[in-house]
Each structure stands twice: as C-alpha cells, then as structure tokens.
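Please look through the structure shown below before reading the notes that come after it. The briefing is written for a student who is new to reading such models.

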Amino acid sequence: MTYQKNILCIGAGYVGGPTMAMIACKCPQYKVTVVDINPERIAQWNSDNLPIYEPGLSEVVSIARGRNLFFSTNIEKGIKESSIIFVSVNTPTKTFGAGAGMAADLQYWEKTARKILENAASSKIIVEKSTLPVKTALAMERILTSNGNGVRFDVLSNPEFLAEGTAISDLEDPDRVLIGSRETKRGISARDELVEIYANWVSNEKILTANIWSSELSKLVANAFLAQRISSINAISALCEKADADVSEVARAVGMDSRIGSKFLNASVGFGGSCFKKDILNLVYLCRHYGLNEVADYWEGVVRINEYQKDRFVLNILKAMFNTLAGKKICLFGFAFKANTGDTRETPAISIAQKLMEENAELVISDPQALENAKNDLRDIKGEITYIEDPYKAVSQCHAIAILTEWDLYRNIDYEKVFSKMKKPAFVFDGRNILNHKKLFDMGFNVYSVGRPPLTHFRVD
Ligand code: UDX
Ligand code: UDX
C-alpha cells in the first residue's frame, strides 16, 4: 500500500492518541504512526483495552487501526520514514531547580528533539502539539539545526484545544485549528502542508494561521481564560454561602448576558486536569521573567482561588459534621477531575482526600473509570481507604457522601436506597451541584452544596 504522506506522532497520551486516530480516520490516504517510549502503552493501543477512556475513541481507532493507523515503539524507524512529525510528549511542571513548581519541565521535549536529529536523514516538519512555554519552538529549532548536516527542520506550533471527555467531538468539529509558523517562505510552505491535512475535514474559515509565538501563547491564554471563569464563579460561591444567595441563580443571570456567555460558570470543588494549573503557572513564570509582576500576580490569583475552593470544601464538611471527622466514614462519589474520563491528574479529589485523611476520617472511594488511578494517586497516604465501584455498596455505613465528579451515574441512582444504608444523621456534600437538593432533604439527608444555603434538619438556636 502506498500512502500520500507519512505522518508520525511521538507520545501516545491523552492528546497524541486521539488526535492521530482522528487524522487517520479522516485521511485514509496518509499513513499515521504513533510511537511512545512506553511499550505497555503501545501494547494497550494495539489491544481492545485502550489506555485511556474517551467516549467514541474506540470506534475511531477501530476504523483506522491496521489500515493507516499504527502504534509502535520503533521511534527511530518512525522518524526515518515520516515527513511530518507531531510531538506530543508530556511537559509537566518542573519539580527541581530554577522555576521549580512553576516552569515547564522540557527534558522530554529536548530528548525527543535530539532523537529526531539523530535519526533524520531528510528534511522534516516538526509540529509542537504539547502545550509549551512560549519560545519553545525557538529552542527546538536551535537543537535541530545544531549538527549542520544539511537536513532542514521547520518547527510549527499547532496547539490542541480538545477537552477530555469530549475529545472525539472536539477533534471532529473543532471551534478552530491554530497553526503558528515562522513568516518566512519555508515557514509558510510548512504551514500550508499542515493546513492541507486539517482541510480534509475542517472548513477553511476555522483554520487560523498566526506567527509561532502568538500560537504558543494563545494556548496558555485560552486555558487561563477558561480557568479564570471557574475561579471567578467559585469566588462568588463563597460569598453566596455567606449572603444566602444561590450561585446557580447568579451564574444563570450573569451568563445570559451575551457578552459574558453561559459556559464554564458552574461553581465546583475546583478545577483539575493536566492543563489549567500548569499552563497558568507557565504564564505566570513568563510574566515574571519579563518583570511583569502585576500581571503575574493577577493570573496567579486564579490558581490561589482554586486552592482556596478545595480547602473551603473540606472545612465546610468538618464544620457541618460537628468539627470532628475522626473515625467517620466518608464516601467520595467520583475521583476523576471531570466526568467521562478516567484521568485524575490534578483532580481536586486528591487534595480533598488528603485533607480528609489528615482529619482521621475513613474514606470509601467510588468512580466508574478512575479507581486504578485513584489507588495510585493515594498510595502513600496512611489510613483506611477502600475502593468500591458500586455506589450502593460504597455508601454502606457511611456518615457522609461527597460528590466530587459530575458523572451522570450519580445523578441517576436511588437515593432512598442510599439513605437507608448510611449512618444517621446522613450528610451529602454536593461539590458539583448536580443533585436535586430539595428532594434529598425531604428524604432525610442534610444537604450542603457549593454556593447555596445548606438544607439541614438541625435546629438553629
Ligand atoms: C499533552 C501535552 O503533551 C501536554 O503538554 C499538554 O499540556 C496536555 O496534553 P498528554 O497527552 O495528556 O499531554 O500526556 P500523557 O498522556 O502523559 O502522554 C505523553 C506520552 O508521551 C506518554 O505516553 C509518554 O510515555 C510519552 N513520552 C514521554 C515519550 O514517548 N517520550 C518521551 O521522551 C516522554
Ligand atoms: C482544558 C481545556 O478546556 C481544553 O481546551 C485544553 O485543550 C485542555 O484543558 P480539560 O482539562 O480536558 O480541557 O477539561 P475542562 O473541560 O476544561 O475542565 C477542566 C476542569 O474545570 C475540570 O476539573 C472541570 O470539572 C472544571 N470545571 C469546568 C468547573 O469546575 N466548572 C465549569 O464550569 C467547567
């Protein structure tokens, strides 16, 4: 079989895997190979048990896998035979040295660039898919042009805006595709080649081109703006709880202003996920680097409010349960950072679980997709934690339920049955405001939500 183009992606994670599966599915004329240093991950991509849970992903993979989509550990061969290489390796926050806790750790990126350099015998287009600090492309270009053997590399920035849980529909019908390039003749011709790939299924007016630094910065800014909305409404939720207002009513009224819009205004236990915190801290680091301390402080406030929101949730539980959680059994409904994913990176559930354990509570953790990750995240915590997927079994003899992920499952279970299995007085702390609180209250629960007055059966003197 001869293909029109050979495309490679290095990094078979949450971004690389689904993105390449979509390109392969939409463009049978290209050969798409996804490589990774982790052989287990590749074996899973080649099995019926994909390494990530994403609605619609297995259907897309099964259309293309073996036809023009291949998963492999042979990175060298992949580099040799491809003319376009996407790089989608992880770029965690640095845990050591200068910028620890803030700057991005680029060691995997740099290693990948060196590997490309070692193995490339012909010119290639390198596409940044990972979210990276601004000017990473420049560093990549420098590494890639360091051996002077005449092989040319053109580095493009093509940030991925998909959200987990909706990755497949986001990829199939994106709001926009952004491609940044150098504004040289070569840069523009490399960019046009990437535009041509997306044009197979995305309409032209949605494919934006920009200079490479604008493109890199746009990804950080998009995530900072989204996270900022959540921190804004979460900040207001604290005020609503004091002022007897209802944050959902406020969000509804505010969001109907078409200049503001209604999305991303759900008050919650706080945002999680691999991107928001990391990308804002990256932005903050960049601003401090340029001496823009006021700008850095402004954006850092978004992360501070998020930490505050998680702390506040636990303090509210403690206060409601008579200032002691020692020996009490608390069931967490949901551990993933949002619904429809098994991903637990930066999930608010991790710090909430830690804080509850510091109060000597006992935890029962329930989640339809994330229990394996949860076990791993909490492996170093001392104390009583059990993991039970079935929510009815999980709540048995519990004093309280805390809803941490907005899975539909938790909206639809029989709370009469749940109530009958719990210790009394029974508490629900709805960290996602997804349940019918009045109904739960009428069943006998004491109900606490985010940004609404509590509904309790206790007499207030
Ligand atoms: C992506 C982006 O890379 C990140 O910058 C962005 O902010 C979020 O999305 P993601 O796909 O979620 O990350 O990361 P992950 O699921 O950890 O996948 C990265 C993959 O790269 C892993 O499978 C890892 O094994 C692989 N990898 C890492 C390599 O193949 N080579 C390396 O040198 C390092
Ligand atoms: C985000 C961006 O949306 C996406 O464009 C980017 O490519 C990667 O980062 P993701 O982290 O997958 O995607 O999920 P997202 O849907 O943005 O949710 C992030 C967090 O915010 C979740 O913990 C979610 O529960 C929380 N959230 C979201 C709220 O608390 N309230 C809201 O109103 C919306």
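The notes below cover one helix and the surroundings of one ligand.

This is a predicted model, in which local features need pLDDT of at least 70 and side-chain atom pairs count only at pLDDT 80 or more, while totals for chains, interfaces and linings use all residues. Residues are numbered from 1 along each chain as its sequence is written, chains are lettered from A and ligands numbered from 1 in the order in which they are written, and side-chain values use heavy atoms, with hydrogens and water left out.

**Helix α12**

- Helix α12, a DSSP run (H or I, at least four residues, numbered from the N terminus), covers residues 293–320 and has 28 residues.
- From its first C-alpha to its last, α12 reaches 39 Å, close to the expected 40 Å, which is 1.5 Å times one less than its number of residues.
- At G301 the helix α12 bends by about 25°, the angle being taken between axes fitted to the seven residues ending there and the seven starting there.
- After α12 comes F322, whose phi is positive, near 65°.

**Ligand 2**

- Around ligand 2 there are 20 residues, each with a heavy atom within 4 Å of it, and F161, E164, S268, F337 and R432 come nearest.
- Helix α9 (residues 212–243) gives the largest share of this shell, 4 residues.
- An oxygen atom of ligand 2 lies 2.7 Å from a backbone N or O atom of F161, and an N or O atom in the side chain of R432 is 2.7 Å from an oxygen atom of the ligand.

Technical notes
Helices (H or I, at least four residues) and strands (E, at least two) are DSSP runs, numbered from the N terminus. A polar contact is a pair of N or O atoms within 3.5 Å; within protein, one must be able to donate a hydrogen and the other to accept it, and residues adjacent in sequence count only if both atoms are side-chain atoms.
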